[in-house]
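Me: I would like to go through the salt bridges of this model and the grounds for each label. Please set the values against the cut-offs.

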Amino acid sequence: MAPWIEPLAQFVFWYPFFMALFWISGAVLFSLTREQEKPLDLNEREWPLISILVPCYNEEETIEETITYLDRLTYPNLEIIAVNDGSSDRTGDLLIGLADKHDRLRVIDCHENRGKANALHMAAHAAHSEYLLCVDSDAFLDEEAPYQLVRHFLKGGERVGAVTGNPRIRNRDTLLSRMQIVEYASIIGSIKRTQRVMGKS
């Protein structure tokens, strides 16, 4: 047996173990010192314009529901920018039709698929707001999410560069989706909270 096998095996076992303890400790510390449920006052300030960016690729089955839901959000000052990233189905036609129904929706129709990053890049250039909220084309936002996300920028000032939400799985029928629920609720949540305590997020 090669001499490096044993140290590698020890590392593979002990590193995840100690990191798990580290993330759990950070999450507990965050819960005790920072995680306080503060009631949201929708009238506490004049809310700034935000741009919700929605990259779309072959999403004809979900995009109408997503756009309709986003347009119903009560956040008073928002625009929705949907980018059809060269879809081969009816996504582009559906988006153009939805733009006629929803005044807050603007559509960028690309005839060539160049990937999600490029779609978001184009949408960011088209946005009228300095606050960009990126949403998948099959995702729903909680009613209070825009307020809570923008709040961090208004309170944190220049120290805040980005804010992430807490994703939750809508389809919970399969074993994989249930495993994702546990992953988001425990592992990813613990890491984010520990990073926040360390001032890294």
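Me: How many salt bridges does the rule give?
Reply: The count is five salt bridges. The model is a predicted one.

Me: Why are D136 and K116 called a salt bridge?
Reply: The N to O distance between the side chains of D136 and K116 is 2.7 Å. The cut-off is within 4 Å for a Lys or Arg nitrogen and an Asp or Glu carboxyl oxygen, so the pair qualifies. D136 sits in the loop between strand 4 (131-134) and helix 5 (145-156), and K116 belongs to helix 4 (residues 116-126), so the salt bridge ties together parts 20 residues apart in sequence.

Me: What makes D136 and K116 partly exposed?
Reply: D136 has a relative accessible area of 38%, and K116 has 46%. Partly exposed lies between the 20% and 50% limits, so both residues get that label.

Me: How do you know that K101 and E64 form a salt bridge?
Reply: Their closest N and O atoms are 4.0 Å apart, and the rule asks for within 4 Å. The pair links distant parts of the chain, with K101 in helix 3 (residues 91-101) and E64 in helix 2 (residues 63-71), 37 residues apart.

Me: Why is K101 called exposed, and E64 partly exposed?
Reply: K101 has 58% relative accessibility, which is over 50%, so K101 is exposed. E64 has 37%, in between 20% and 50%, and is therefore partly exposed.

Me: What makes R114 and E112 a salt bridge, and why does R114 count as exposed?
Reply: Their side chains meet at 3.7 Å, N to O, which is within 4 Å and therefore meets the rule. R114 is at 56% relative accessibility, over the 50% limit, so R114 counts as exposed.

Notes. Residues numbered from 1 in each chain as written. Predicted model: local features only at pLDDT ≥ 70, side-chain atom pairs only at ≥ 80, totals over all residues. Heavy atoms only, no water. Helix = DSSP H or I, 4+ residues; strand = E, 2+ residues; numbered from the N terminus. Buried < 20%, exposed > 50% of the residue type's maximum accessible area, 1.4 Å probe, protein only.
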